[in-house]
Amino acid sequence: MSYFNFDSTRPFDVIPLGRVAIDFNPTDMNKPLSESSNFNKYVGGSPANIAVGLARLGAKCGFFARVSDDQFGDYVTNYFKNDGIDVSHIVRCTNGENLGLTFTEIKSPTESSILMYRYGVADLMLDVENIDEEYIKQAKMLVISGTSLCASPSREAALKAMFLAKKNGTIVVFDIDYRSYTWKNKDEISIYYNLVAQNADIILGSREEFDLTEAIMGGGNDDLASAKLWHGYGAKLIIIKHGKEGSYAYACDGTNYKVNIFPVKMLKGFGGGDGYASAFLYSLLNGKSLKDALEFATASASMLVSAHSCSEAMPKVEAIEAFIAEQKANGCGEIVTEI
């Protein structure tokens, strides 16, 4: 079943909104961050990674963001340009705000953590005046990142974009993308996550993120109940991720899937979700069945956790297809099963 009818006349496939940051990933790994001395610099931030992932797969992407008016702002903007991402709606800050910085810790292949500097950052300065309805009209999908909701004026900008997308028939994707930084309390998190989830066509998040979203309603901790709740508000597809245990997909027509992970040698415990999201959305845009889209998405996620970077390691279509073929040739078994 096809869950969406995409308007082929729209020039942009996806416009993500929100966080563009700088990742510093240690090259002297398998030790605490306090003992790491050498790092590689990458473009980071979940929405930015998703945009790069989609562009590498051949999708046409735009972006809503604000970035610093300095050399790091140059770096991320030029990186987007080199991947063919439209930067016409990436605006420079005027009051000295800096890009957020993320220092990652890779203590072991299964133990990673993230230290973020998120106060007074450029991406949270995105304003309602930066949201262009004509731009949204040109896109098939709008991706709202949960981190864009944690403070004003970015919060209001994201909500304006969401309502304009609903008005103009642009599919709303909510990537919950919880980060504890800058939120005041759990009620605030649940209120704003809830508002976007009630208007989303596709919701992606971990079990923890769905629990935060549903906290103010007294829900949580049950995947089927979560799926029923958000289908009731009109969401077509719900993806709930459980880390190394894989993920579950719930469609509005009652089709449900358990998605296992491919057996790979992990390098780090982060980045897989962005690879999953970009490959999943690309698959939907290109008419893949839900089952095939989930297989393609989890393959991308598996490749990302095996790589040192996130944005830089986003794979192309041929690489994902080759990875799946190799895994199947090595007898990995069925990854996606209907439940």
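**Exercises: strands, helices and loops**

Phe24 stands opposite Phe103 in β6. Keep that pair in mind for the first exercise. The model is a predicted one, where local features need pLDDT of at least 70 and side-chain atom pairs count only at pLDDT 80 or more, while totals for chains, interfaces and linings use all residues. Residues are numbered from 1 along each chain as its sequence is written, and side-chain values use heavy atoms, leaving out hydrogens and water. Helices (H or I, at least four residues) and strands (E, at least two) are DSSP runs, numbered from the N terminus.

**Exercise 1.** Work out the strand order of the open sheet that holds β2 and β6, and say which strands sit at its edges.

*Solution.*
- Step 1: start with β2 and β6, which pair in the parallel sense over 4 bridges. (Two strands pair if DSSP finds at least two bridges between them.)
- Step 2: go to the other partner of β2. That's β3, joined to β2 by 6 bridges and running antiparallel; Ala21, for one, has Gly44 of β3 as its bridge partner.
- Step 3: now extend from β6 (residues 100-108), which pairs with β7 over 7 bridges in the antiparallel sense. Here Thr104 has Ile114 in β7 as its bridge partner.
- Step 4: put it together. The order is β3-β2-β6-β7, 4 strands with mixed pairing. The edges are β3 (39-44) and β7 (111-117), each pairing on one side only.

**Exercise 2.** Is β2 largely buried or exposed, and which of its residues point which way?

*Solution.*
- Step 1: recall the general pattern. In a regular strand, side chains alternate between the two faces of the sheet.
- Step 2: sort the residues. Ala21, Asp23 and Asn25 point one way, and Ile22, Phe24 and Pro26 the other.
- Step 3: check burial (buried is under 20% relative accessible area, exposed over 50%, partly exposed in between, with a 1.4 Å probe and protein chains only). Since 6 of the 6 residues of β2 are buried, the strand is largely enclosed by the rest of the structure.

**Exercise 3.** At what angle do α5 and α6 cross, and which residues make the contact?

*Solution.*
- Step 1: take the axes of α5 (residues 186-197) and α6 (residues 207-214). They come within 6 Å and cross at roughly 95 degrees. (Axes are lines fitted to C-alpha atoms, for helices over the stretch in contact, and angles run from 0 to 180 degrees between N-to-C directions.)
- Step 2: name the arrangement. That angle makes α5 roughly perpendicular to α6. (Under 35 degrees is roughly parallel, over 145 roughly antiparallel, 65 to 115 roughly perpendicular, and the rest oblique.)
- Step 3: list the contact (heavy atoms within 4.5 Å). From α5 come Lys186, Ile189, Ser190, Tyr193, Asn194 and Ala197, and from α6 come Leu212, Thr213 and Glu214.

**Exercise 4.** Compare three loop residues, Asp177, Thr182 and Glu245: which count as buried and which as exposed?

*Solution.*
- Step 1: locate Asp177, in the loop between β9 (171-175) and α5. Its relative accessibility is 4%, so Asp177 counts as buried. Phi of Asp177 is near 45 degrees, a positive value in a residue other than glycine.
- Step 2: Thr182 also lies in the loop between β9 and α5, and its 16% relative accessible area means that Thr182 is buried. Phi of Thr182 is near 75 degrees, again positive.
- Step 3: move to Glu245, in the loop between β11 (237-241) and β12 (247-251). Its 60% relative accessibility is why Glu245 counts as exposed. Neighbours within four places in sequence aside, Glu245 touches Lys258 and Val259.
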